[in-house]
Amino acid sequence: AVGSWRHEDAGGDLCEIVETASGTLWIALGDASTRGLRAGMLSTLLSGALRAAVETAPASSPGRLLQAMDDVLLRYTESVGWEQTFVALRLLRLAPDGTLAYAGAHEEMLLLRADDDGAEVLDWRGAFCGLGISGEVDDPDGRARLAHGDTLVLVSDGVLAAADEGGRLFGSERVSRVARDARGQ
């Protein structure tokens with residue numbers, strides 16, 4: 001109903017795309033472990049941290065940038081008394097030649113190849129951002145190569161958890177089916 005929204009209901013979803021001067025795309029997709037004003041503040045902080053990190057180190061690996069963002073977020077949450085508040089965050093760097101590097105912890109990604117009917121799942125479980133553990137991951141970057149016409153599908157948990165009138169969740173299988181049906185569009 002109109003007027004029933006409260007700030008406590010706000011989520012901490014983050015979707016950010018930053019293009020560098022060289023044409024490289026940095027993509028961040030994440031979700032804070034809390035709700036309300038705190039979640040919005042964390043998403044805003046990470047958005048700014050990402051833009052600053054990409055600006056200062058545009059050729060860095062996603063894992064390295066996540067380590068820096070993890071440190072920033074951890075110091076902030078500890079300074080305001082929000083210990084154990086974290087963000088499930090996936091960070092991707094897509095170069096103009098199709099080279100993809102990714103790190104972090106969030107939902108799986110689908111890679112639809114232009115010359116294949118299937119969908120490849122790119123599932124990479126890195127560390128959550130804001131717990132001070134991202135530096136413990138030995139090789140935090142996953143890698144793939146996108147060819148002309150390939151499609152990379154990223155989804156938030158909000159899509160996966162969306163339910164129909166019968167209570168059935170949208171789920172990753174349906175995302176995969178919808179993505180394959182939309183191939184080439």
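**Exercise 1. The chain as a whole**

Task: What percentage of the contacts in the chain with a separation of 6 or more comes from residues 24 or more positions apart? Then describe the fold and its surface.

Solution.
- Start with the ground rules. This is a predicted model, in which local features need pLDDT of at least 70 and side-chain atom pairs count only at pLDDT 80 or more, while totals for chains, interfaces and linings use all residues. Residues are numbered from 1 along each chain as its sequence is written, and side-chain values use heavy atoms, with hydrogens and water left out.
- Take the contacts (heavy atoms within 4.5 Å). Pairs 24 or more positions apart make up 64% of those with a separation of 6 or more.
- List the elements. There are four helices and eight strands. Helices (H or I, at least four residues) and strands (E, at least two) are DSSP runs, numbered from the N terminus. Their order along the sequence is β-β-α-α-β-β-β-β-β-β-α-α.
- Check burial. Buried means under 20% relative accessible area, exposed over 50%, and partly exposed in between (1.4 Å probe, protein chains only). Of the 185 residues, 40% count as buried.
- Add the surface. The accessible area is about 10,100 Å², with 52% of it on carbon and sulfur atoms. Such areas come from the Shrake-Rupley method with a 1.4 Å probe; for residues, only the protein chains shown count as cover.

**Exercise 2. The nonpolar cores**

Task: Which residues of the largest nonpolar core touch the most other members? Trace the elements that build this core.

Solution.
- Fix the term. A nonpolar core is a set of buried Ala, Val, Leu, Ile, Met, Phe, Trp, Tyr and Cys residues joined through side-chain atoms within 4.5 Å.
- Find the hubs. The largest core has 22 residues, and Leu46, Leu50, Met69, Val87, Leu89 and Leu91 touch the most other members.
- Trace the sources. Strand E1 (13–19), strand E2 (25–32), helix H1 (36–56), H2 and strand E3 (87–94) each give two or more residues to this core. H1 supplies the largest share, seven residues.
- Follow one hub. Beyond its neighbours within four places in sequence, Leu46 contacts Leu14, Met69, Leu73, Val87, Leu89 and Cys129.
- Note the other core. A second, separate core of 10 residues includes Ile27, Leu92, Ala144 and Leu146.

**Exercise 3. A proline in H2**

Task: Is Pro62 buried or exposed? Describe its surroundings.

Solution.
- Locate Pro62. It is found in helix H2 (residues 62–79).
- Read its accessibility. Pro62 has a relative accessible area of 0%, so it is buried.
- List what covers it. Residues up to four places away aside, Pro62 touches Trp26, Leu91, Leu92, Arg93, Ala101, Tyr102, Ala103 and Asp141.
- Compare sequence with space. Pro62 and Ala103 are 41 residues apart in sequence, yet 5.6 Å apart C-alpha to C-alpha.

**Exercise 4. The sheet under H4**

Task: In which order do the three strands of the open sheet stand? Place H4 against them.

Solution.
- Order the strands. The order is E6-E5-E8, with antiparallel pairing. Two strands pair if DSSP finds at least two bridges between them.
- Find the edges. E6 and E8 each have a single partner strand, so one side of each lacks a neighbour in the sheet.
- Add the twist. Neighbouring strands are turned by 25° against each other on average, direction ignored.
- Inspect one pairing. Three bridges join E5 to E8. Leu110 has Val153 in E8 as its bridge partner.
- Place the helix. H4 lies across E5 and E8, at about 25° to E5. Axes are lines fitted to C-alpha atoms, for helices over the stretch in contact, and angles run from 0 to 180 degrees between N-to-C directions.
- Name the packing face. In helix H4 (residues 171–181), Gly171, Val175, Ser176 and Ala179 are buried. They pack against strand E5 (109–112), strand E8 (151–153) and helix H3 (157–160).
- Zoom in. Ser176 is buried at 7% relative accessibility. Neighbours within four places aside, Ser176 contacts Leu110 and Ala119.

**Exercise 5. Salt bridges of Arg113**

Task: Which parts of the chain does the pair Arg113 and Asp150 tie together?

Solution.
- Set the cut-off. A salt bridge is a side-chain nitrogen of Lys or Arg within 4 Å of a carboxyl oxygen of Asp or Glu. The structure holds six.
- Take the pair. Arg113 and Asp150 meet at 2.7 Å, N to O. Arg113 lies in the loop between E5 and strand E6 (120–122), and Asp150 in the loop between strand E7 (142–145) and E8, so the pair ties together parts 37 residues apart in sequence.
- Add the other partner. Arg113 also forms a salt bridge with Glu120, at 3.7 Å.
- Compare exposure. Arg113 is partly exposed at 21%, Glu120 is partly exposed at 35%, and Asp150 is buried at 14%.
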